[in-house]
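Hi everyone, thanks for coming. Let me take you on a short walk through one protein chain, starting with the overall picture and then stopping at a few residues.

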Amino acid sequence: MTVVVKGSEVSASVKVTVDPSIQTLKAYIGNEKLLETQEDYDELLEAEPETGVCKTAWKGDVLNSKIVVLSRNRDVHQAEITVTDFTDEKGNVISSENVGIKWLKEIKANDGRNQAGVVKSYPDIIHKGGAADIDAESVKFAWVNIDIPKDAKPGVYTGGFTVNAEGLETPIDLVYTIEVLNLLQPAPEATQIQVWQHPFSVANYYLGLGENVSVGGISNELRSDFYFTEEHFNLMRSSMEEYVAIGGHDVVANIVEEAWNHQSFYNDPSMVKWTKKADGTWEFDYTWYDAWIEFMIDCGVINPQEGIGQIKCYSIVPWNNQIAYYDETLAQTVRKSLAPGSEEWNTVWETFLGDFMEHSKENGWFEVTYISMDERGLDQLEPAVDIIESVQDESGKSFKISSALNYAAPEYYDFTDHIDDISVNLRNISDKAQMNELSLHRRELGLTTTYYSCTEDYPTNYTISDPGDNYWTILYSMTLGTDGFMRWAGDNYVYNMHEDVTYRYWEPGDGWFIYPAERDTLDMSKDVPFYSTPRYELFKQGIRDVAKAKYLMAQDDQLSETISVLMADMKRPARGTYHGSAVAATQEDRMLVHSETEHVYTKLAELARDYLDEKTTDFEETNKMMRT
């Protein structure tokens with residue numbers, strides 16, 4: 001470039017090299033645990049690029065990563081990310097076919113609770129791969145899953161990603177190193193995972209119901225002819241098989257109308273139809289219920305013949321204690337609110353439980369069936385336990401009981417010992433030692449204990465949450481000593497799942513880990529796929545890493561003690577609120593979540609290496625002794 005002073009012979013020249021990649025695009029490997037959006041553009045653009053990363057995995061493991069791609073002052077067309085094979089120094093290969101790369105799709109959501117706050121865009125759907133356009137001065141994120149084959153040879157593998165775009169003369173290369181340890185990823189069942197299903201919401205979303213909402217911002221539309229048909233099951237089979245793959249063996253079944261008082265956008269009808277006959281007797285139609293349970297057996301969620309899984313029937317104490325039934329004499333549906341423990345309540349539930357027990361036994365499902373309850377006061381829960389235990393078969397057995405509870409202290413043991421499966425809310429756990437004592441006490445009795453999070457909890461699972469919050473959530477189950485974790489919803493959809501998920505009640509995203517397919521791509525004659533989310537992928541990473549920890553603990557007493565201390569020391573961030581939504585109290589609390597999980601991840605990898613080194617040393621010494 002030459003500059004000349006007009007009217008003179010004075011001039012100066014300087015050589016300028018224009019790098020097209022700097023002009024148009026920046027890309028690097030980001031932090032998959034953090035939720036970052038367009039609002040973070042300036043900060044992301046100024047960040048020092050992380051062009052290389054190293055992660056540790058077991059054979060059969062899955063690694064998650066995020067690639068950040070930023071345009072500068074002009075539109076970018078046909079941006080695409082490709083990946084090489086990964087090879088080690090011995091020539092062993094992990095094929096690029098084991099790597100999934102998909103762009104994150106943005107979804108609109110409010111940043112508060114009860115529709116409060118501002119509607120913004122969040123990259124919450126792991127959508128599709130291939131080429132994509134990026135507007136000028138914008139950021140786009142790609143999610144990366146790397147499946148480590150179960151037969152992979154142990155070693156350090158190096159490969160890389162290449163970011164290219166139309167007109168980009170110098171593609172951007174990102175180096176990725178994977179250390180594969182000679183250990184096989186254990187089965188996920190090391191942690192008991194309970195994620196509730198909402199088959200009516202899934203069906204109603206795909207049917208397009210709810211476009212014109214009712215008073216209160218909910219949908220009351222129903223398509224009773226469609227529910228629990230083969231087409232309905234085709235909408236859910238893929239996600240239920242995925243549920244099994246993460247160790248899920250818990251089925252939720254509605255046995256009364258609107259057990260949760262229509263907190264969902266869509267209806268939650270009863271799978272059992274109650275009828276009061278003209279002669280005053282009761283009749284119960286189990287057609288929907290039976291179809292749902294048979295479907296879940298076919299998917300492998302439960303196996304009653306082998307005693308695998310639980311059928312959780314909600315609820316003997318619904319939110320408003322309402323029972324709905326068809327009255328033949330009145331020729332209409334009647335809704336009654338009956339106080340638990342009252343004479344009429346006792347009569348009605350004794351009748352239902354007796355009939356339901358007989359039906360469950362006929363189908364071979366009785367041993368895995370639980371009568372379930374939500375968080376309620378003891379004045380409601382105690383009568384419920386009494387009536388359940390009073391209805392017995394000829395051998396004196398009653399239904400098992402499950403309940404979400406707000407009671408963890410020892411003074412409640414006399415009551416909680418009657419409940420086979422309990423889950424305590426994170427907000428009600430202020431004392432880690434007390435929760436560990438409860439879990440141990442119940443484990444010694446052969447009872448199950450989990451903890452759960454939902455709306456108003458932090459850390460948790462919202463569209464506005466860091467994906468890594470879910471990783472912390474699962475690891476924290478070991479800190480509390482519970483058998484696992486419960487989440488109240490995995491697929492409780494709203495109408496506009498691919499555009500704006502703002503809803504009147506929860507923090508956005510609280511009701512789902514995954515997204516349904518777009519309605520306009522629907523073919524109900526075959527299994528319909530679903531979309532994952534960064535939140536769900538980090539949730540699954542937590543399940544895998546707890547399984548690793550428990551495997552190592554089972555191998556060696558010293559390892560067990562070390563890992564127990566590691567997990568017991570996990571810190572919990574303080575909770576704050578923003579537009580009514582549960583969030584980190586401070587930025588320091590937000591980042592504490594991720595520093596804690598990173599510490600556990602790093603330490604578990606270190607302990608696994610030490611364990612393998614010790615095993616190798618022992619093997620070599622044994623061979624030496626045998627030779628001599």
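I'll begin with how to read the model, move on to the whole chain, and then turn to single places.

First, the ground rules. This is a predicted model, in which local features need pLDDT of at least 70 and side-chain atom pairs count only at pLDDT 80 or more, while totals for chains, interfaces and linings use all residues. Residues are numbered from 1 along each chain as its sequence is written, and side-chain values use heavy atoms, with hydrogens and water left out.

Now the whole chain. The protein chain has 13 helices and 30 strands. Those are DSSP runs, numbered from the N terminus: H or I with at least four residues for helices, E with at least two for strands. Along the principal axes, the C-alpha atoms fill a box of roughly 110 × 80 × 45 Å. The radius of gyration of the protein chain is 28 Å, which agrees with the value near 25 Å for a compact globule of 628 residues. That radius is taken over C-alpha atoms, and the globule rule is 2.2 Å times the number of residues to the power 0.38.

How much of the chain is buried? Of the 628 residues, 54% count as buried. Here buried means under 20% relative accessible area, exposed means over 50%, and partly exposed is in between, with a 1.4 Å probe and protein chains only. The accessible surface comes to about 26600 Å², and 47% of that belongs to carbon and sulfur atoms. These areas come from the Shrake-Rupley method with a 1.4 Å probe; for residues, only the protein chains shown count as cover.

On to contacts, meaning heavy atoms within 4.5 Å. Among contacts with a separation of 6 or more, 74% are between residues 24 or more positions apart.

Let's zoom in on helix α3, residues 199–207. Eight of its nine residues are buried, so α3 is largely enclosed by the rest of the structure. Among the buried ones are Phe200, Val202, Tyr205 and Tyr206. What covers the buried residues of α3? The cover includes two helices, α4 (230–245) and α5 (287–299), along with the strands β16 (250–254) and β27 (515–516). After α3 comes Gly208, with a positive phi near 80 degrees.

My next stop is Asn110, which sits in strand β9 (residues 99–110). Asn110 counts as buried because its relative accessibility is 1%. Which backbone atoms does its side chain reach? A polar atom of the Asn110 side chain lies 2.8 Å from the backbone oxygen of Gly112, and the backbone oxygen of Ala116 lies 3.0 Å from a polar atom of that side chain. Apart from neighbours within four places in sequence, the contacts of Asn110 include Val118 and Val119, and also Ile464, Thr502, Tyr503 and Pro508.

Now for some backbone geometry. There is a cis peptide bond between Tyr314 and Ser315, with omega about -5 degrees. Ser315 lies in the loop between β19 (310–314) and β20 (322–327). That loop between β19 and β20 also holds Asn321. Asn321 is a residue other than glycine with a positive phi, near 55 degrees, and at 14% relative accessibility Asn321 counts as buried.

Another cis peptide bond joins Tyr458 and Pro459, where omega is about -5 degrees. Pro459 is placed in the loop between β25 (448–453) and α10 (468–480).

Gln78 also has a positive phi, about 55 degrees, although it is not a glycine. Gln78 lies in strand β6 (residues 76–83) and is partly exposed, with a relative accessible area of 43%.

Let me finish with two residues and their distances across the model. Asp379, in helix α7 (residues 378–390), counts as exposed at 58% relative accessibility. The C-alpha atoms of Asp379 and Ile297 are separated by 36 Å, with these positions 82 residues apart along the chain counted as their separation.

Where is Pro49? Pro49 lies in the loop between α2 (41–46) and β4 (52–59), and counts as partly exposed at 39% relative accessibility. Leaving aside neighbours within four places in sequence, Pro49 is in contact with Lys26 and Tyr28. From Pro49 to Tyr243 the C-alpha distance is 36 Å, and the two are 194 residues apart in sequence.

Thanks for listening!

Note on methods
A polar contact is a pair of N or O atoms within 3.5 Å; within protein, one must be able to donate a hydrogen and the other to accept it, and residues adjacent in sequence count only if both atoms are side-chain atoms.
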